[in-house]
Amino acid sequence: MTLEKKTKTKSKPSAASRKTISNGKPAACFPVVGIGASAGGMAAFEAFFSAMPAITDPGMAFVIVQHLSPDYKSSLAELIQHKTRLPVSEITDGMTVSPNCVYVCPPGCDVAFLSGTLQLMETSQPRSHHLPVDFFFHSLAQDLRERAIGIVLSGTGSDGSLGLRTIKAEGGMVMAQNPASAEYGGMPNSAIRTGLVDYELPPAEMPGQLISYVTQSFGMSHRAICLPMPESENALKKIFILLRAQSGHDFSQYKPSNIQRRIERRMALQKIDHLDGYLRYLQQNPAEVTALFQDILISVTHFFRDPEAFEALEKKVIPKLFADKPPGTVIRVWVPGCATGEEAYSIAILLQEHLDELKKNFKVQVFATDIDTNAVSIARAGVYPASITEHITPERLTRFFAPEPGGRTYRLDKTIRDMLIFSEQNVIKDPPFSKLDLISCRNLLIYMNGDLQKRIIPLFHYALAPGGFLFLSTSETVGEFTDLFIALDRKMKLYQRKEGMNGLQRTALGRLLPLMTAPQSGGFPKIPERPASPKKMPLRELTETALLEEVAPAAALVSDNGDILYLHGRTGLYLEPAPGEAGVNNILKMAREGLRQELGTTLHTAVSSKEMVRRPGIHVKTNGDFALVDLTVRPVVAGPGPTLPADTLLFLVILAPAQPGNPVSPDAGAGIELTAADADAHIASLRQELWAKEGYLRAANEELAITNEELKSANEEMQSVNEEMQSTNEELETSKEELQSVNEELATVNAELQTKVADLSRANNDMNNLLAGTGIGTIFVDHRIRILRFTPAATRIINLIQSDVGRPLGHIVSNIQGDDRLIAGIRSVLDTLAPQEAEVQTLDKEWYMMRIQPYRTLNNVIEGAVITFVNITELKKTKDSLAAAAARLRRLAVVVRDANDAMTVQDLEGRILAWNPAAEKLYGWTEAEAMTLTILDCIPGDDQEREMGELSRIAHADVLASYRTRRVTKDGRVISISMTATALLNDEGEVHAIATTERAID
């Protein structure tokens, strides 16, 4: 709840390969600085050691732990040696640590500090769960305590965050690299978020601050408060007053050694040498009071701390919490001093695992309290760093935790989180919870002095239900209160509540209270009249009733405190209504003069002994005279009925006139002269009566004291209920805040959805405009060929209107000639998933290319078909025109092929483009060979200039008149030909080629 959660003994290494060293070497008497880093750590190391003083020695040792692959051959020691004059060496197993030296952890190993030596252990955790910095920080803090210093530099993940908690808990100091100066800020940010970092600096500024702190903390020859003198004690008391005034919590009854260690550490951080100076500093700086308060509240814990103890709890206590209890019962657990919630969640996990085994429906409530607001906030969130994997089995990690995005943290499952109720509470001054089945208070009592422990242990006994259990740490015990608790496991400190005399009396009083406070109507209890029965009463019953009315004396059935339940006979001679408001009729108040005292004594004796008691010859005043009355009180066991539970013990008070010869009560002789012979007997009788009345008075006083104690307990229970209501209210407040956060998230999601809807609407509009703008008729149908959507262009092919959406396409009249092909084609495509194409003609003589293909979603699911109609009327006409032209060309080609004259085509550059068979015959070149030639290759050299001039004239005339010229054949012969040239024009009317007809002449 209030102070750090830590154990007095050192943790044993969990891996089998880890060694237990006992070499007898003394622990280091100088500070040791552990430096942890991961990605980007090299630059930070260089900056750190480059800033170390060049002349003076720092007076401390440095141990570097970095995340490295086991297969990597590290040269970190050599690289750092270039940046510092201090000797740098790679750690070997069992190496002794010396001041002013730097030690580098080798790859593939974990390093621990033990008795001034460095111990290497093979890494046993998988790489994803390997936390070497945390491991070293833990061992360093447990061995060196306040001389341990931890520094977290650049790196990813959260390694080091748990280890620095241990360092702070032991009074050490913590530094973290400023995230802005780190290449990777994961590890520094995680350390800073714990709120325990003393200095947040760039690596280059750390050595100066580090040396200043060490000099201030360990350089003084005499500490101001190591030996509390009267002045120091007074200063301490004033510090406690300042803490109580600002935080509301009193630490004066805690063990002074821990408080002094915290104060010394804060003095070193503020560079103050004397306690009086620190007191003045506190008075002037309220923020320092808060910082000191937070230092005292440092929480160090983890899941399933002390596995052996939790195993004992799981096997010896958890099953008993559910034993002999019907389904639906509420199991109540209280964890005072819950810190950041790991212990409370661990117990909740054990309870849930047992519930899963039982397969029964029980409700579990775990109340977890602490005075540290920050710790409670962390516990409420239920989010922990990835380093928790070191203490949680993979099965539990998978079952009860979910990794957060990024994998650096884990969030507890909602089933476990809903079991717990977190609230701020001071176990010392605030009312406790009540009717609890289990209290787990571990590593809290060890920080309290003996007087405070004597107040807490009975408080736990009161808060537990009968048979409830108490779970303490191995360093704690119930002390002298062995009469309140039974030890179930002395080694693991498991206790069970034991019922003492106070508990039995409280239980008895609880049974009596309902009868003492039962409401009744005013006046005497009404004696039931004899019921009128239509049946004839049996003779035996009639006789017995008549005899009872004549013979039976007056009697009253009362409870053990004298409340009248039933009257029989004529009781008016002995009882009369008491003056005042009519309410519950008590026989002691109604007894006449002379009877009241004897009746009270006799009834009390009968209640105590549960046996019949007789008092003969009592002198009772009736109607102005005195009468002798025999009094008898006997126990009566009531059977089950509508108003009384079974086996209720009642008492029958019988009042009858005294029989002759019966002894007379001492009061009967009042006013009557006694003989001398009877004087001694009368005095002895008076003494006996006095003794009986003294005993009655003593018993009444005891009952009054018990009643007062029970009322006090009831008041405390009411206070506990009130505290629970306050806790519930705080939980509701938290739930309200969570709901507000969820509402904000929903609002954000809603805004995103609205943006997406707007984008979707815009995309839908774009698609509609696209489909309409293409002029392509498109129809979407589902599996049953019902219309889902269509474009405006589709209405020219099929007579569609907007209200046709949802109707079968076959019911709509189309303008397609032979429209039965449409429906048949759609069915075929849906069956075979093979697209189809067909040219269709409308009644308006328009031609369309109809394509039918399956409608596929992004998930490749067929949800219907898409029919598109592309207007190909112009294309159809062009195609027909081309076909006619092609026919003409084919006919022309036949003419050209069969002509006797050579026919050629050449471009304006002279390249031959066409060459008919007659040309092959005339010149000897095949068509393929001619295509590689130019016209100059066919003209003799001395004719080329004149020939090209003739051909150029074609640009000015469509046809050149036939003229005589010469050509060269393939075999080199020169022949005379008659040639006619014709210009070929393109669509723009420009000449683009020349066609020639050539014939050989003699």
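This report covers a small sheet, one helix and several salt bridges in a predicted model.

## Sheet E13-E15-E14

Three strands make up an open sheet, ordered E13-E15-E14 and paired antiparallel. Its edges are strand E13 (383-385) and strand E14 (401-403), each of which pairs on one side only. From one strand to the next, the twist averages 35°.

E14 and strand E15 (residues 409-412) run antiparallel and are joined by three bridges. Pro403 has Tyr410 in E15 as its bridge partner.

## Helix H13

Helix H13 (residues 342-358) has 17 residues, which at 1.5 Å a residue should span 24 Å; the C-alpha atoms at its ends are 24 Å apart, so the expected and modelled spans agree. The helix is mostly covered, with 14 of its 17 residues buried. Lys359 follows H13 and has a positive phi, near 55°.

Glu353 of H13 forms a salt bridge with Arg396, and their closest N and O atoms are 2.8 Å apart. Arg396 belongs to helix H15 (residues 394-400), so the pair links distant parts of the chain, 43 residues apart. Both Arg396 and Glu353 are buried.

## Other salt bridges

The whole structure contains 27 salt bridges. In one of them, Asp306 pairs with Arg442, with 2.9 Å between the closest N and O atoms. Asp306 sits in the loop between helix H10 (286-296) and helix H11 (307-316), and Arg442 in the loop between strand E17 (436-440) and helix H17 (450-463); the pair therefore ties together parts that are 136 residues apart in sequence.

The two partners fall into separate accessibility classes. Asp306 has 22% relative accessibility and so counts as partly exposed, whereas Arg442 is buried because its relative accessible area is 1%, under the 20% cut-off.

## Arg973, Asp971 and a network

A salt bridge also joins the side chains of Arg973 and Asp971, at 3.0 Å from N to O. Arg973 has a relative accessible area of 44% and is therefore partly exposed. Asp971, at 56%, is exposed, since the cut-off for that class is over 50%.

Salt bridges with shared partners connect Asp942, Asp943, Arg946 and Arg966 in one network.

Note on methods: Residues are numbered from 1 along each chain as its sequence is written. This is a predicted model: local features need pLDDT of at least 70, side-chain atom pairs count only at pLDDT 80 or more; totals for chains, interfaces and linings use all residues. Side-chain values use heavy atoms; hydrogens and water are left out. Two strands pair if DSSP finds at least two bridges between them. Helices (H or I, at least four residues) and strands (E, at least two) are DSSP runs, numbered from the N terminus. Axes are lines fitted to C-alpha atoms, for helices over the stretch in contact, and angles run from 0 to 180 degrees between N-to-C directions. The expected span of a helix is 1.5 Å times one less than its number of residues. Buried means under 20% relative accessible area, exposed over 50%, partly exposed in between (1.4 Å probe, protein chains only). A salt bridge is a side-chain nitrogen of Lys or Arg within 4 Å of a carboxyl oxygen of Asp or Glu.
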